[in-house]
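Could you look over this model with me? My notes are below, in numbered points.

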Amino acid sequence: MVKVDVLYSAATHPWPTLRENVLRAEAEGFGTAWIFDHLSGTTLSGTRMLECFTLAGALAGVTSSIGIGTLVVNAANRPAGVTVAAAASVQEISDGRFVFGLGAGAAPGSDWSREHELVGIALSESMRVRHQRLIDVLDLCDAQWDPDRDAKWTGFPLPVPRPPVLLGVNSVALATIAGQRCDALNVRLEHPRIAELFAAARAARAQSARAGSPLVLNAWTAMTDASLDPGGWAQQRIGELDGDGLILVAR
């Protein structure tokens, strides 16, 4: 059975509406409520925005059973240490319901880069450097979140249990990192190479140190009557791909 989640955008929903919508989603049985990580709502055709981890903590505080996830934290938006501490903090506030969605971010000059230019966050032209930034976050998660961590990390947040990490992917390179290092991945359902990306992640998992551990394969698409329908095209498509869940983006 396909697991169905929901995403609400802080670019178009003020806090009271976000709170009400997520509480309704919890009552209706959605698995996880997801939120974006953007600095400006104009990036998402809106006029407002709330900071991602602040919002995740607030939603965790007003809910009791639904998962709270980030889709996805841009590795370029914060130093790796701040990102890892924030994720661990939300995991504690949520009592273990947090899903740490992470992504590599966009290139400078792209449609997604204007908010970074305005606040002075430098984006690298190099895809290798952008991928390395998210690997740095994953490395720090491994170091700080290990119950037997080095004594130098004493005093840093230690999430128990460790939150699952989901990687947003749109390339074989990122799908490979997800398979090797993460607990889940997320791809646009309409991506023309989604089957290839799922296959690359599965193959990387099988050859990794985590071979045999679960890898959750999610896809996102717009929330419509058709995507909500268990017999509709979206849920049928993720089933054909042997995926695990859909994340439906509310308009």
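The points below take up two helices, two pockets, two buried residues and some backbone geometry.

1. Status. The model is predicted. Please read each point with that in mind.

2. Helix α1, length. This helix runs over residues 15–28. Its 14 residues, at 1.5 Å each, should span 20 Å, and the end C-alpha atoms are 20 Å apart, so expectation and model agree.

3. Helix α1, faces. Which residues of α1 are buried? They are Leu18, Asn21, Val22, Ala25 and Glu26. Viewed down the axis of α1, the buried residues fall within an arc of 140°, so they line one face of the helix. An α-helix has 3.6 residues a turn, so residues three or four places apart point the same way. Ala27 and Glu28 sit on the other side of α1 and are exposed.

4. Helix α1, surroundings. The cover over the buried residues of α1 includes two strands, β1 (3–7) and β2 (32–35). Helix α2 (52–62) is also among the covering elements. Directly after α1 comes Gly29, with a positive phi of about 95°.

5. Helix α9. This helix covers residues 233–240. Its buried residues include Ala234, Gln235 and Ile238. These three cover an arc of only 95° around the axis, which puts them on the same side of α9. The buried residues of α9 pack against β1, α7 (194–206), β8, α8 (225–228) and β9 (245–249). After α9 comes Asp242, and its phi is positive, near 60°.

6. The largest pocket. Its volume is about 1,200 Å³. The lining has 35 residues, and those closest to the centre are Phe36, His38, Val72, Trp112 and Trp220. Four elements give two or more residues each: α4 (114–119), α5 (127–144), β7 (184–188) and β8 (216–222). By class, the lining holds 17 nonpolar, 13 polar and five charged residues.

7. The second largest pocket. Here the volume is about 200 Å³. Of its 14 lining residues, Val99, Pro164, Ala184, Val216 and Asn218 come closest to the centre. β1, β2 and β8 supply at least two residues each. The lining splits into seven nonpolar, three polar and four charged residues. Strand β8 thus needs a look in both places: it gives two or more residues to the lining of the largest pocket, and at least two to that of the second largest.

8. Cis peptide bonds. Most peptide bonds are trans. The bond joining Leu71 and Val72 is cis, with omega about -15°. Val72 lies in the loop between β3 (67–70) and β4 (73–74). Val72 is also one of the residues closest to the centre of the largest pocket. Another cis bond runs from Val160 to Pro161, with omega near -5°. Pro161 is in the loop between α5 and β6 (165–168).

9. Positive phi outside glycine. Most residues other than glycine have a negative phi. Ser45 has a positive phi, near 60°. Its loop lies between β2 and α2. Ser45 counts as exposed, at 71% relative accessibility. Asp95 likewise has a positive phi, near 60°. Asp95 belongs to the loop between α3 and β5 (98–103). With a relative accessible area of 71%, Asp95 is exposed.

10. Gly46. Is Gly46 buried or exposed? Its relative accessibility is 9%, so Gly46 counts as buried; the cut-off for buried is under 20%. Gly46 sits in the loop between β2 and α2. Leaving aside neighbours within four places in sequence, Gly46 is in contact with Ala11, Thr12 and Gly41. Gly46 and Thr63 are 17 residues apart in sequence, and their C-alpha atoms are 25 Å apart in space.

11. Thr83. This residue is in helix α3 (residues 80–93). Thr83 counts as buried, at 0% relative accessibility. Beyond its neighbours within four places in sequence, Thr83 is in contact with Phe53, Val73, Arg78, Phe100 and Val137.

Terms used:
Residues numbered from 1 in each chain as written. Predicted model: local features only at pLDDT ≥ 70, side-chain atom pairs only at ≥ 80, totals over all residues. Heavy atoms only, no water. Expected span 1.5 Å × (residues − 1). Buried < 20%, exposed > 50% of the residue type's maximum accessible area, 1.4 Å probe, protein only. Arc of directions from axis to C-beta. Contact = heavy atoms within 4.5 Å. 1 Å grid on protein atoms, 1.4 Å probe; cavity = no way out; pocket = protein on both sides within 12 Å on 5 of 7 lines; lining within 4 Å. Points joined across faces, edges and corners; volume = space filled by probe spheres on them. Nonpolar A, V, L, I, M, F, W, Y, C, P; charged D, E, K, R; others polar.
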